[in-house]
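Student: I would like a close look at one part of this model. Please take the largest pocket and its lining, then work outwards to what surrounds it.

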Amino acid sequence: MTYQAPRDGAPVYELNTRIRYSEVNHRGTLTIPALINCFQDCSTFQSAEIGMNIGKLHEDRQGWVLTHWQIVIDRYPGLCEHVVVGTFPSSFKGVAATRFFYMRDAQGELVARARSTWAFMDFGKGRLMRPDPELVKAYGTAEPLEMPDEERRVRVPAAPTPCEPLTVRLHQIDTNEHVNNGQYVQMALEVLPRELDPVSIRVDYRSAAVLGDTIYPMVGQEDGRFVVALNGSDGEPYAVVEFTSAA
């Protein structure tokens, strides 16, 4: 798919970069967690540009929490390849926001794109809150990218297989003091029965795991998709991750 340039004045933030050695797998292509990190970094830089950097958010004890990913991958770029990563919000409704991401190559072709949903949190009070109207205005909105239709939630197949428990380590913790969203995807990949190059990934984030928590993965497969439920000791998921392969 060829990238369509945003209209003049659209609040699109772009980052020119290259695929680093630290971001590729044994075949020399970008890993899924590295792609997620590229997207995450891009939105973080955009927030910093409008004065909502990590320090400011921590000072106010407020911030955006990711609740869902839908990622479509057309191809996996290779080591040293030049790419452009872009992001923009498309809507703000109450406590929620929708943000799109893309990665395009030097020829302007999209190699990956994503739709994400977020909730704004008052961390001090431990509850959702509406973002300040001035913050919403500073971000702005643009027209959504074309994405496939999807079910509202990631569905876990019947009778998933339990895997060895995982303990949350320090390197998986981000500045919010819980497991970073990309780390759940990494955990899910590591318990799959075989290596995958999925064409789409969807993630539901249900609750936040913290340092020292034990995670109990459950893996199910049906209709060309693997689903990994990353559960807590109570059987409730921290996150549910779906990988769909090409037909």
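Tutor: What follows starts at the pocket and moves out from there. Keep in mind that the model is predicted.

The largest pocket holds about 910 Å³ of space. Its lining counts 41 residues, and those closest to the pocket centre are Q40, W64, W118, N176 and N181. Which elements supply the lining? At least two residues each come from α1 (32-49), α2 (54-60), β2, β3 (82-93), β4 and α4. Helix α1 gives the largest share, with 7 residues.

Take W64 next, one of the residues closest to the pocket centre. W64 counts as buried because its relative accessibility is 16%, and buried means under 20%. The structure holds 8 aromatic pairs. In one of them, W64 meets F120 edge-to-face, 4.8 Å centre to centre, with 65° between the planes. This pair joins distant parts of the chain: W64 sits in strand β2 (residues 62-73) and F120 in strand β5 (residues 110-122), 56 residues apart. F120 has a relative accessible area of 1%, so F120 is buried too. The ring contacts of W64 go further. Ring pairs tie W64, F92, F120 and Y139 into a cluster.

Strand β2 carries another pair. W69 and F101 are tilted, 5.3 Å centre to centre, with 55° between the planes. Again distant parts of the chain are linked: W69 belongs to β2, F101 to strand β4 (residues 96-105), and 32 residues separate them. W69 is buried, since its relative accessible area is 1%. F101 is buried as well, because its relative accessibility is 0%.

Now N181, also among the residues closest to the pocket centre. N181 belongs to α4, where N181, G182, Y184, V185, M187 and A188 are buried. At the start of α4, a side-chain oxygen of N180 comes within 3.1 Å of the backbone nitrogen of G182.

The loop ahead of α4 deserves a look. Q172 lies there, between β8 (166-167) and α4 (181-190). Is Q172 buried or exposed? Q172 is buried, because its relative accessible area is 9%. What does Q172 touch beyond its neighbours within four places in sequence? The contacts are T167, H178, V179, N180, Q183 and M187. So N180, whose side chain reaches G182 at the start of α4, is in contact with Q172, and M187, a buried residue of α4, touches Q172 as well. Q172 also has a polar partner: a polar atom of its side chain lies 2.8 Å from the backbone nitrogen of R169. For a longer distance, take F39. The C-alpha atoms of Q172 and F39 are 17 Å apart in space, and the residues are 133 apart in sequence.

The annotation adds context for this region. In an unreviewed entry, UniProt lists "domain: Acyl-ACP thioesterase-like C-terminal" over residues 165-216. The end C-alpha atoms of that span lie 5 Å apart. The span is 19% helix and 21% strand.

Last, the enclosed space. A search of the whole structure finds 1 cavity of 30 Å³ or more. The largest cavity holds about 30 Å³ of space. Its lining consists of L30, T31, I32, L35, I73, R75, Y76, P77, V111 and A112. The elements giving two or more residues to that lining are α1 and β5. Helix α1 thus appears in both places: it supplies the largest share of the pocket lining and contributes to the cavity lining.

Definitions and conventions. Residues numbered from 1 in each chain as written. Predicted model: local features only at pLDDT ≥ 70, side-chain atom pairs only at ≥ 80, totals over all residues. Heavy atoms only, no water. Phe/Tyr/Trp six-rings, centres within 6.5 Å; stacked < 30°, edge-to-face > 60°. Helix = DSSP H or I, 4+ residues; strand = E, 2+ residues; numbered from the N terminus. Buried < 20%, exposed > 50% of the residue type's maximum accessible area, 1.4 Å probe, protein only. UniProt positions renumbered as here; feature names shortened; annotations may be inferred. Contact = heavy atoms within 4.5 Å. Polar contact = N/O pair within 3.5 Å; in protein donor to acceptor, adjacent residues only side chain to side chain. 1 Å grid on protein atoms, 1.4 Å probe; cavity = no way out; pocket = protein on both sides within 12 Å on 5 of 7 lines; lining within 4 Å. Points joined across faces, edges and corners; volume = space filled by probe spheres on them.
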